[in-house]
Amino acid sequence: MTVIYTFYPTFAPSKAYTSCQTIIMYSNKTINPIAQATTFRRFSRGGWCVFASLKRPVRIGVLTVAMLGSVCIEKVEAISIATTNDDEPLTASDEHELSEVTVAGTLAPLTQLQSARIVGVITRQQIEASAAQTVNDLLKLASGVDVRQRGGFGIQTDISIDGGTFDQITILLNGTNISNPHTGHLAADFPVSLSDIERIEILEGAASRVYGAAAFGGAINIVTKASPPTPLQGERGVYTFEGAAHGGSYATFGGEARVTLSKLTSPLPNRGGVGGGASLSTSYQRSDGAVPNSDFRRGNVYLRGEWRPTSEVAFDLQAGWSKKDYGANTFYSAAYPNQWEANDRYLVSIGATTRGRVRLRPEVYWQRSMDHFQLIRDTSTGENHHRTDVAGSHITLDFQWTAGHTAIGAEVRTEGIYSTNIGRPLLTSPKGEESGLYTHHDSRTNLSANLEHTLVLDRLTLSAGLLAFKSLNNHSKVTTPIHNREGQGGGSALYPGLDLAYRPAPGWKLFVSYNKGFRLPTFTDLYYKAPTHEGNVGLRAEESHSMQLGATYNLRTDKVAFDAKLRTFYHRGTHMIDWVMYSPDDVYHSANFDLDNIGLQTEASISPTPTGIGKGLVRRLSVAYTYIYQHRRDDISIWKSNYTMEYLRHKLVATLEHRIVSNLTAAWSLRWQDRMGAYILYEQGAATGQLVDYAPYAILDVKVRWARQHYELWFEGTNLTNHTYYDLGNVPQPGIVVLAGARLRF
């Protein structure tokens, strides 16, 4: 395989290779067109080098894949190629070298090599190899992420980072904030299929200076696949199709399909061409469930498109719809085994991006979530309806100059809810709705402005930023980050952050960061009221001071790829929000208290090349471990915490991907975790007032694949030891689940 980079000089002494194009050739087949260029076989990365003086494209030929890891360029846009020949898939190290793309973490685009923050990435290869049916299943493989399921198959999942809660993270889809202000319980209703996803980025620690409210403990960005490569010449488009079906335990079956189309109308090698592309996917799954009243049905449709009317501007669109209904056996109260719930979600976002030294990124988005809950299935007992609407617009401007890279951003985001019991009483129902369906309402408008400056040197990356935030709220009595007097109904605050990374030697990166984060209470925190729950409109917004220190190391040779990470963190939390009971005969109250999370995380992975250790038998071996300790700084006596203090003290994840014979491979994953906290023991549907500590458990999963260029067959088993365990009290998780399926692509 030959990889050719073409650099387009910007003629600034320190930025001699700002723009570049990646040309990849397999079996003498060129994937993208290339302009005429001077070819060098040796080169220097210095600002004084000959590149800056030629004032023409410069091509560096015969650059080996192993060398790419040392090239410090601003952005490498890699083309995902499924195979190096008709049958042999890319190795893990090949994929790693070719996937050095922009990651979340800063306002201005930075690659993983340049970023001063460590962003974990679940790659496409790991997604395909894992025994995962949902995004939630994939996140279980990240040691710093806590995934708590109510029932199986990821039907209702809570996701948190670094010992936080499900409300304390921001969920992004291609950089668009899709978090739900109603409740984080519904944040994981992703409208995408696994076949849509290119990678998942996990940013650990406070990220409010970049993503605003809710990025209290971190952010998860789901990046979907782009359109297929465009043709070299002419008007002919390129299309792909991918379809799959599966079935197995508990009468589970499902299918998905994805089609993409791209068209190049004017080949411009240094700008990627004029034209566009789109992808459309859909999926459906159903099951009888592993326990009584745990049946479910779910489906989604997702559209993503890109249009480049000129070489300097690109427009993008994404739209999604997801729907599911399910029996919620003991989900929210062990006293009621016959609960039922249905969720619908719609989202649309439209954005544009300009190219060049000064880049502009405007975007507008809209989302709607609808939730229907029945305490007793097929009855009106304890029935709730909720409709949440979010609309927003943000714009980011970033530019390079002699002092570095500066980014400026601003956002307006409105959040509102109509409900049967969340919000302030309504005098009339909203227009177009069934009379009497919604009786309560609340809304708020959040304004934010970001300023960030990043300096990238040969060995050093320094990124400093600030978020100015203001909440406009004329309905509820939410106390705000700065004005902590009940009844203000609005307020403003500043949230700074500083990230520093130092690269002392090839492969090494040392990093330290400080970021201040915050989270506004959800509408559920403020208003929800039931016989066992009582919200609190006087809640303060959560705040945290997040500090991280660590190091990463990567090694690339023609025999092996090796990566390691060590990270420590200290999150000092103030006014933390949780649902707590003060005595055994109490109800749950939403309340504030002060709490610190202190942790250590370590990871290591090794990926031999086909000619390296084991001659391609072992494709990837990884081990990751996270330890977390909590410390409360207040003296409030709490009998039972429902979420915040039920954190993972220990989490160990080990994965092994290996070849069995020919194109037959297997991927094993072992998770061991030990959760702190306890749950209330129920007997015959009644609470005993006795607390039971969570027991540690280990889960072993496997996926076996026979993969060829145009099809694959697979078999997977989860919880192979058929172990009984609990992520949440009194909600048993499924035993062994066996599924098999097939996938076709062309």
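**Notebook: core, sheet, surface patch and hairpins**

**Entry 1. The chain as a whole.** I began with burial and found that 56% of the 746 residues in the chain are buried. I note at the outset that the model is predicted. I then looked up the secondary structure, which comes to 6 helices and 44 strands. For the contacts, I took residues at least 6 apart in sequence and found that 64% of their contacts join residues at least 24 apart. The accessible surface of the chain is about 30,000 Å², and carbon and sulfur atoms account for 59% of that area.

**Entry 2. The nonpolar cores.** I next asked which residues have the most contacts inside the largest nonpolar core. They are Leu-139, Phe-190 and Ile-200, in a core of 27 residues. I listed the elements that each supply at least two residues to this core: helix H4 (135-139) and the strands S9 (145-150), S10 (156-161), S11 (170-173), S13 (197-204) and S14 (218-224). I also recorded a second, separate core, which has 14 residues and includes Ile-417, Ile-422, Phe-523 and Met-581.

I then examined Ile-200 on its own, leaving aside residues up to four places away in sequence. Ile-200 touches Gly-120, Val-121 and Ile-122, as well as Val-135, Leu-138 and Leu-139. The remaining contacts of Ile-200 are with Ile-220 and Asn-221.

**Entry 3. The open sheet.** I traced an open sheet of 5 strands, in the order S8-S13-S14-S11-S12, with mixed pairing. Which strands stand at the edges? Strand S8 (119-122) and strand S12 (176-177) do; each has a single partner strand, so one side of each is left without a neighbour in the sheet. Within the sheet I looked up S13 and S14, which run antiparallel and are joined by 7 bridges. As one example, I noted that Ile-197 has Thr-224 in S14 as its bridge partner.

**Entry 4. The nonpolar surface patch.** I turned to the surface and found a nonpolar patch of about 750 Å². Its members are Val-259, Leu-280, Val-301, Leu-317, Trp-321, Tyr-346, Val-348, Ile-350, Val-364 and Trp-366. I asked which elements give two or more residues to the patch. They are strand S19 (313-327), strand S20 (340-354) and strand S21 (358-374). S20 provides the largest share, 3 residues. I checked Trp-321, which lies in strand S19. Trp-321 counts as partly exposed because its relative accessibility is 30%.

**Entry 5. Val-313.** I stayed with strand S19, where Val-313 is also found. Is Val-313 buried or partly exposed? Its relative accessible area is 24%, so Val-313 is partly exposed, the limit for burial being under 20%. Not counting residues up to four places away in sequence, I found that Val-313 touches Trp-307, Arg-308, Thr-353 and Thr-354. I also looked up the separation between the C-alpha atoms of Val-313 and Arg-359, which is 9.7 Å for two residues 46 apart along the chain.

**Entry 6. Strand S32 and its partners.** I followed strand S32 (residues 560-581) through three pairings, taking strand S31 (residues 542-556) to begin with. S31 and S32 pair in the antiparallel sense over 14 bridges. They form a hairpin with 3 residues between them, and I noted Ala-561 in S32 as the bridge partner of Arg-556.

I then took strand S33 (residues 588-608), which runs antiparallel to S32 and is joined to it by 19 bridges. This pair is also a hairpin, with 6 residues between S32 and S33. Here Lys-565 has Glu-603 in S33 as its bridge partner.

Lastly I took strand S35 (residues 640-641), which pairs with S32 in the antiparallel sense over 2 bridges. In this pairing, Val-580 is matched by Ser-641 in S35.

**Entry 7. Positive phi values.** I looked up two residues other than glycine with positive phi. Asp-162 has phi near 55° and is placed in the loop between S10 and S11. Asp-162 counts as buried because its relative accessibility is 2%. Ala-251 likewise has phi near 55°, and I found it in the loop between strand S15 (237-248) and strand S16 (252-266). At 39% relative accessibility, Ala-251 counts as partly exposed.

Technical notes: Residues numbered from 1 in each chain as written. Predicted model: local features only at pLDDT ≥ 70, side-chain atom pairs only at ≥ 80, totals over all residues. Heavy atoms only, no water. Core = buried A, V, L, I, M, F, W, Y, C linked by side-chain atoms within 4.5 Å. Buried < 20%, exposed > 50% of the residue type's maximum accessible area, 1.4 Å probe, protein only. Helix = DSSP H or I, 4+ residues; strand = E, 2+ residues; numbered from the N terminus. Contact = heavy atoms within 4.5 Å. Areas by Shrake-Rupley, 256 points an atom, 1.4 Å probe, with all protein chains shown as cover. Patch = residues over 30% accessible without salt bridge, like charges linked within 9 Å, V, L, I, M, F, W, Y side chains within 5 Å. Salt bridge = Lys/Arg side-chain N within 4 Å of Asp/Glu carboxyl O. Pairing = 2+ DSSP bridges.
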